[in-house]
Amino acid sequence: LSRRLVRKRRIMRLLMQFAVLASLALCPRSLVLPPRLQGRMRLAAKHDPYRDIDGEGPEKLPVFVEYLEDRWADAESQDIIKEYLDTLFEGKQSSSGLRVLEIGSGTGAIVRLLARRDGLREVVGLEPSEGLVKAARQLTVEDPGCLEKGVKISYRVGSGESIPFYQESFDIVIFHTTLMHISPGKKRNKVMQEAARVVKQGGRIGIFDYDRPSLHVDLPQEDPLRGVLRIHKQAVLKKPGSPRQFPNMLKSVGLDLVRAWTPQRAPVRTMEGAKARLKDIIRYCVRQRLGVNGEIGEALSEIIDQRFDDGSMQELVRNRYGYCIGSKVVFDAGEAWCDI
């Protein structure tokens, strides 16, 4: 039985390779790329500098600051964030004003955006990087518009695994492109438990992060890249770290799900980064033997180079994000906790 299974898998792999080679031969390489090219590679050997920005050295800090500030600066991205925040804050109000915590606040771009909303009393940014906290404080001083509504803004150096605030201190807790940089899964679960501890009864936790895969390109049905990207998508969605599982994380810490995973698309900041991610996808499929061998991979990489060089990809590649929202269960005054 095992030999039959091995033989069957070999045949399926050969058929997949033949299908890709046939599409390469029949399809013109000048074809414009695009439906969904997704792919943020979470390769085990890949270095994630956001997990320890201070450890990258002081000379790299300005690069991080510039990128994090520029990432949501355009009008289209601002509209996407506004839609998400409007959903998160819908129906939430307090006579004394809401108190909001962002875990992993970076340069404070989202903190300053939150401070412009009505009905808030205080916004706190918690960030493990001392360099980014210092930059966030300076950028807040240089942005008087975020202080016009009188919302108190503060930043603290600290980790989401041990949030330095009392239980039920905040009405809203936000993770904005943060959880994907927290690994392994046990550490991520600990951060979520801490967030549930500091949010008030009836309060909400919002998660906005990269979707899986995180790059979207609209490809015609006959495009040679389409099949490979579809195979890659199916592979990465099965990984345990997929953001599609974030709603389950909210439920695992006792929250009711207000909004399930809701996909969003935002502009790509640099085409070089998009091209590199596309090539990462090809290399991943070759390495994992997902119907692509080295020869096919090289041919697909050449197609990617050609399309980026002739400018046919610029309007077609998008970053793929998503968000979900959970609400902490409200207990009646007569109910009490019982630890067993």
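## Notes on the predicted model

1. Let me start with a strand pairing that is easy to find on screen: Q264 has Y321 as its bridge partner in β7. That pair belongs to an antiparallel arrangement of strand β6 (residues 255-267) with β7, which extends over 10 bridges. β7 is mostly covered, with 11 of its 12 residues buried. Please keep in mind throughout that this is a predicted model.

2. For the overall picture, the protein chain contains 10 helices and 7 strands. Of its 340 residues, 49% are buried. The contact pattern is worth a look too: among contacts in the protein chain with a separation of 6 or more, 83% are between residues 24 or more positions apart.

3. Strand β1 (residues 98-103) deserves a moment of your time. With 6 of its 6 residues buried, it is largely enclosed by the rest of the structure. L98, V100 and E102 point one way from the strand, while R99, L101 and I103 point the other way, and all are buried. You will notice that both of these sets include a charged residue, E102 in one and R99 in the other.

4. Which strand does β1 run parallel to? The partner is strand β2 (residues 120-127), joined to β1 by 6 bridges. Within this pairing, E102 is matched with G125 of β2.

5. Helix α3 is the next element I would turn to. It covers residues 75-89, has 15 residues, and spans 21 Å from its first C-alpha to its last, close to the 21 Å expected at 1.5 Å a residue. Its buried residues are S77, I80, I81, Y84, L85, T87, L88 and F89. Several of these are spaced three or four places apart, as I80 and Y84 are, or Y84 and L88. An α-helix has 3.6 residues a turn, so residues with that spacing, three or four places, point the same way. After the helix comes G91, which has a positive phi, near 75 degrees.

6. The same helix leads into the nonpolar interior. The largest nonpolar core has 29 residues, and F89 and L114 are the ones with the most contacts inside it. α3 supplies the largest share of this core, 6 residues. A second, separate core has 26 residues, among them F170, L179, V198 and F246.

7. What does F89 touch, once its neighbours within four places in sequence are left aside? The list is L98, V100, L114, R117, L120, I172 and R204. L98 and V100 from that list are also two of the β1 residues that point one way from the strand, so to speak a handy link back to point 3.

8. On charged pairs, the whole structure has 19 salt bridges. One of them joins the side chains of R112 and D143, at 3.4 Å from N to O. R112 lies in helix α4 (residues 109-114) and D143 in the loop between α5 (130-141) and β3 (152-157), so this pair ties together parts that are 31 residues apart in sequence. Are these two buried or exposed? R112 is buried at 8% relative accessibility, and D143 is buried at 18%. Both also take part in a network of salt bridges that links E69, R112, R116 and D143.

9. Another salt bridge brings us back to β7. E168 pairs with K328, with 3.5 Å between the closest N and O atoms. E168 sits in the loop between β3 and β4 (170-176) and K328 in strand β7 (residues 317-328), so the pair ties together parts that are 160 residues apart in sequence. K328 is buried, at 14% relative accessibility, whereas E168 is partly exposed, at 28%.

10. For a local example, look at R197 and E194, whose closest N and O atoms are 2.9 Å apart in a salt bridge. Both lie in helix α6 (residues 185-198), 3 residues apart, about one turn of the helix. E194 is buried at 9% relative accessibility, while R197 is partly exposed at 24%.

11. A last check concerns the cysteines. The count of disulfides, taken as sulfur pairs within 2.5 Å, comes to 0. C146 is buried, at 0% relative accessibility, and C285 is buried with a relative accessible area of 0%.

How values were computed. Residues are numbered from 1 along each chain as its sequence is written. This is a predicted model: local features need pLDDT of at least 70, side-chain atom pairs count only at pLDDT 80 or more; totals for chains, interfaces and linings use all residues. Side-chain values use heavy atoms; hydrogens and water are left out. The expected span of a helix is 1.5 Å times one less than its number of residues. Buried means under 20% relative accessible area, exposed over 50%, partly exposed in between (1.4 Å probe, protein chains only). A nonpolar core is a set of buried Ala, Val, Leu, Ile, Met, Phe, Trp, Tyr and Cys residues joined through side-chain atoms within 4.5 Å. Contact means heavy atoms within 4.5 Å. A salt bridge is a side-chain nitrogen of Lys or Arg within 4 Å of a carboxyl oxygen of Asp or Glu. Two strands pair if DSSP finds at least two bridges between them.
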